[in-house]
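Trainee: Could we go through this structure together, a few questions at a time?
Mentor: Gladly, here it is.

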Amino acid sequence: MGQQPEILKISRGVASYKIDDHFAVLGLAINTDVTQMRKKFLKLAKILHPDVANYSDVEKELATNYFAKMVSPAYQVLNSDRDRAEYFLTLRTLAQGFKQKPPQVELQSAAARQFLQYPNEGNYMKAINEIAGLQYRNLDKVLDYTAELSELNLVYLMTQEMGGQPRNAG
């Protein structure tokens, strides 16, 4: 998968396994369909376009970097049938590894800890939608919210492969 500059990297959740979390970057659940991915990408393109929002020069540069180095590459992978299939295989392999050896994760996100305790699709979707709604509102918080989403995605992968049983958060 493409490598992001260190300054735009997240290191929690799925990303802690050296896998770019394209769904977290786009503020999407792992089970999102291609049509919704495109809608979200277009929405983010408008939000991050330097001429749309009332950004300062510094914010314009940051928004442009988020779009060019995170959002666009994530969408390119998820929009390509071949690349998306390879990416899902990577995620599936990660999740299957959890069957062999359940991970000892230290979750910083309260939403991810709660989802780990009560893993069901409704809790996952609610948490993803709430955090994604905040993700690109404040450019200084984008990476924090993206890391929270990546933690939720990690827990989703853990619970999907482990039969949805509640686990203890670290």
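What follows is a short set of questions and answers on the fold and the largest pocket.

Mentor: This is a predicted model, in which local features need pLDDT of at least 70 and side-chain atom pairs count only at pLDDT 80 or more, while totals for chains, interfaces and linings use all residues. Residues are numbered from 1 along each chain as its sequence is written, and side-chain values use heavy atoms, leaving out hydrogens and water.

Trainee: How many helices and strands are in the protein chain?
Mentor: Helices here are DSSP runs of H or I with at least four residues, and strands are runs of E with at least two, numbered from the N terminus. From that end, the elements run α-α-α-α-α-α-α. The count is 7 helices and 0 strands.

Trainee: What percentage of the residues of the protein chain count as buried?
Mentor: Buried means under 20% relative accessible area, with a 1.4 Å probe and protein chains only. Of the chain's 170 residues, the buried part is 43%.

Trainee: Which helix gives the largest share of the lining of the largest pocket?
Mentor: A pocket is an open set of points on a 1 Å grid over the protein atoms alone, where a 1.4 Å probe fits, with protein on both sides within 12 Å along at least five of seven lines; lining residues have an atom within 4 Å of a point. Helix H2 (34-48) and helix H6 (121-135) each supply at least two lining residues. The largest share, 6 residues, comes from H2.

Trainee: Which residues are closest to the centre of the largest pocket?
Mentor: The lining has 17 residues in total. Those closest to the centre are Gly27, Leu28, Lys40, Asn129 and Ala132.

Methods. Buried means under 20% relative accessible area, exposed over 50%, partly exposed in between (1.4 Å probe, protein chains only).
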